Amino acid sequence: MKELSLNILDIVENSVKAGAALTEILLEETEDKIVLTIKDDGCGMDEQMVKSVIDPFCTTRTTRKVGLGIPLLKMAAEQTGGGIDIVSKQGENHGTIVSAVFFKNHIDFTPLGDVVSTIVTLIQGHPDTDFLFIHKKDDKEVQLDTRMLREVLEGVPLNCYEVIKWTQDYLKEQYEGL
Amino acid sequence: MKTLAELQAIKEKMKNKVVLREGSGEIRIVVGMATCGIAAGARPVLNAFVEAVNEGGLSDKVTVSQTGCIGCCELEPVVEVFEADKEKVTYVKMNAEKAKEIVQKHIKGGKVVAEYTIASYKS
């Protein structure tokens, strides 16, 4: 992946596929590192599955026998000296937390890229799912909570073009101040 | 600054339109957005389709949606166009420029852009 934001898009697709009603995407950026946390309330995975998703030969797709989402994220993190962690629970309080640490100053750090585009793409494709996005950098932050937008929109879909455009500009403006 | 008041205004404007739109979608553009598609550049392709369809005033009859892996990962980004009573058209090795061209020529003009289709790529 050319940008970390593409890894984020890819991993969050898993949360949506797991039936998550809310997926939280948190980026905590400090001087030397970025900590990414993706937390969903989807169906969760059993222990065996958690172990095996790190393996590139594990996939839920039916078109071929290789899945690469988590292995690619793991590679992107480890090549900067960081790493990933996955915690998942089925049954009561089900959900999955994928976290990754990236060291920004490492030569093999993949730039974050167009995060706004990733968030907008997720909303466009999954207008009935909620996303909470927070990007913290030093003492500032960018935030978007689709539950709040949904409340204002009263039934108008989140992926209607005017809303998508608004969301994009809303995030871009916040990034100007980050 | 973008404000929630602006979003409120969008809601008022769209409230009635959205009801009208339900049940339409004569043409469906589907972009493959699995790991393979995303890594190959599907995100800008999807966004180009969304923009071109809406800016071109085609949103009443065209829907743009996302799907998982379509099955030919080496040809990603892959896009499928479904139209009632017509055979599905599969475009491969897509980019944002090709997406705009396909909206103009195929979606608006009704003429399949043969050179970008999977059939043309394989032959």
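This is a short talk on the contact between chains A and B, followed by three backbone details.

Hi everyone, and thanks for coming. One reminder before we start: what you see above is a predicted model.

Let's begin with the interface. Chain A and chain B bury about 3000 Å² between them, and carbon and sulfur atoms account for 63% of that area. If you look at the chain A side, the residues that lose the most area to chain B are A:Val152, A:Tyr161 and A:Trp166; together they make up 22% of what that side buries. In terms of residues, the contact draws 36 from chain A and 32 from chain B.

Now for the polar side of the story. How many salt bridges does the rule find across the interface of chain A and chain B? There are 4. One of the salt bridges you can pick out pairs A:Glu154 with B:Lys11, where the closest N and O atoms are 2.7 Å apart. Polar contacts across the interface come to 13 residue pairs, with both partners at pLDDT 80 or more.

Which helices of chain A bring residues to this surface? At least two residues each come from α1 (4–17), α3 (69–78), α4 (115–125), α5 (146–153) and α6 (161–176) of chain A. The biggest giver is α6(A), with 8 residues on the side that touches chain B. Sorted by character, the chain A side has 16 nonpolar, 9 polar and 11 charged residues.

Let's leave the interface there and turn to the backbone, beginning with chain B. Which peptide bond is cis? In chain B, the one from B:Glu76 to B:Pro77 is, with omega near -10 degrees. You'll find B:Pro77 in the loop that runs between β2 (62–67) and β3 (79–83) of chain B.

Over in chain A, I'd like to show you two residues with positive phi that are not glycines. For A:Asn93, phi is about 50 degrees. A:Asn93 sits in the loop between β3 (83–89) and β4 (95–103) of chain A, and this residue is exposed, with a relative accessible area of 65%.

The second is A:Asp138, where phi is positive at about 55 degrees. Its loop lies between β5 (130–137) and β6 (140–145) of chain A. Is A:Asp138 buried or exposed? At 64% relative accessibility, A:Asp138 counts as exposed.

So, to recap: we have a chain A–chain B contact burying about 3000 Å², a cis bond leading into B:Pro77, and positive phi at A:Asn93 and at A:Asp138. Thanks for listening, everyone!

Technical notes:
Residues are numbered from 1 along each chain as its sequence is written. Chains are lettered from A and ligands numbered from 1 in the order in which they are written. This is a predicted model: local features need pLDDT of at least 70, side-chain atom pairs count only at pLDDT 80 or more; totals for chains, interfaces and linings use all residues. Side-chain values use heavy atoms; hydrogens and water are left out. Helices (H or I, at least four residues) and strands (E, at least two) are DSSP runs, numbered from the N terminus. Buried means under 20% relative accessible area, exposed over 50%, partly exposed in between (1.4 Å probe, protein chains only). Contact means heavy atoms within 4.5 Å. Buried area is the accessible area (1.4 Å probe) that two parts lose on being put together, summed over both. A salt bridge is a side-chain nitrogen of Lys or Arg within 4 Å of a carboxyl oxygen of Asp or Glu. A polar contact is a pair of N or O atoms within 3.5 Å; within protein, one must be able to donate a hydrogen and the other to accept it, and residues adjacent in sequence count only if both atoms are side-chain atoms. Ala, Val, Leu, Ile, Met, Phe, Trp, Tyr, Cys and Pro count as nonpolar, Asp, Glu, Lys and Arg as charged, and the others, Gly among them, as polar.
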